[in-house]
Amino acid sequence: MIIFGTKGYLYQLAILTLVCAQCGNPAAHTLRKRVTKFTLFFVPLFPVSTKYTTQCTFCGAEQKLAKEQAEQLQAQAIGGGQGGQGHGQQSQQQPYQS
């Protein structure tokens with residue numbers, strides 16, 4: 001008997017101050033990375049998919065991003081941003097498991 005499946009991991013990469021496309025308010029947005037990994041006997045082996053999103057803390061709207069956009073925003077957050085836009089977190093955080 002072989003037991004296999006997938007497991008999701010949610011990483012919070014940074015918190016940025018951006019203007020929300022949904023509500024139009026300048027608010028904090030969390031930059032998140034969701035990784036789905038293939039598991040064999042409950043051991044995660046390799047990533048199947050990776051998705052990047054930002055979520056507005058004011059209205060809760062979530063927007064999907066390309067990998068390049070997410071990396072650019074993360075670099076902006078770590079580097080201090082342009083004009084005080086980024087409030088990054090450099091510490092490596094443990095993922096939320098879903």
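This report describes the fold, the surface and the cysteines of one protein chain.

**Fold**

The model is predicted. The protein chain contains six strands and one helix. Followed along the sequence, these elements come in the order β-β-β-β-α-β-β. The helix therefore comes after four strands and is followed by two more, as the pattern β-β-β-β-α-β-β, built from DSSP runs, shows. Among the contacts with a separation of 6 or more in the protein chain, 52% join residues that lie 24 or more positions apart.

**Burial and surface**

The protein chain has 98 residues, and 24% of them count as buried. The area that the chain exposes is about 6600 Å². Carbon and sulfur atoms supply 53% of this exposed area.

**Cysteines**

How many disulfides does the structure hold? The number is zero. For Cys-20, the closest cysteine sulfur belongs to Cys-23, at 3.7 Å, and this is too far for a bond, because a disulfide requires two cysteine sulfur atoms within 2.5 Å. Cys-59 likewise takes part in no disulfide: its nearest cysteine sulfur is that of Cys-20, 3.7 Å away.

Cys-20 and Cys-59 are also described by their relative accessibility, as the table sets out.

| Residue | Relative accessible area | Class |
|---|---|---|
| Cys-20 | 6% | buried |
| Cys-59 | 36% | partly exposed |

Cys-20 counts as buried because its value of 6% falls under the 20% limit. Cys-59, at 36%, is partly exposed, since that class lies between the 20% limit for buried residues and the 50% limit for exposed ones.

Technical notes:
Residues are numbered from 1 along each chain as its sequence is written. This is a predicted model: local features need pLDDT of at least 70, side-chain atom pairs count only at pLDDT 80 or more; totals for chains, interfaces and linings use all residues. Side-chain values use heavy atoms; hydrogens and water are left out. Buried means under 20% relative accessible area, exposed over 50%, partly exposed in between (1.4 Å probe, protein chains only). Contact means heavy atoms within 4.5 Å. Accessible areas come from the Shrake-Rupley method with a 1.4 Å probe; for residues, only the protein chains shown count as cover.
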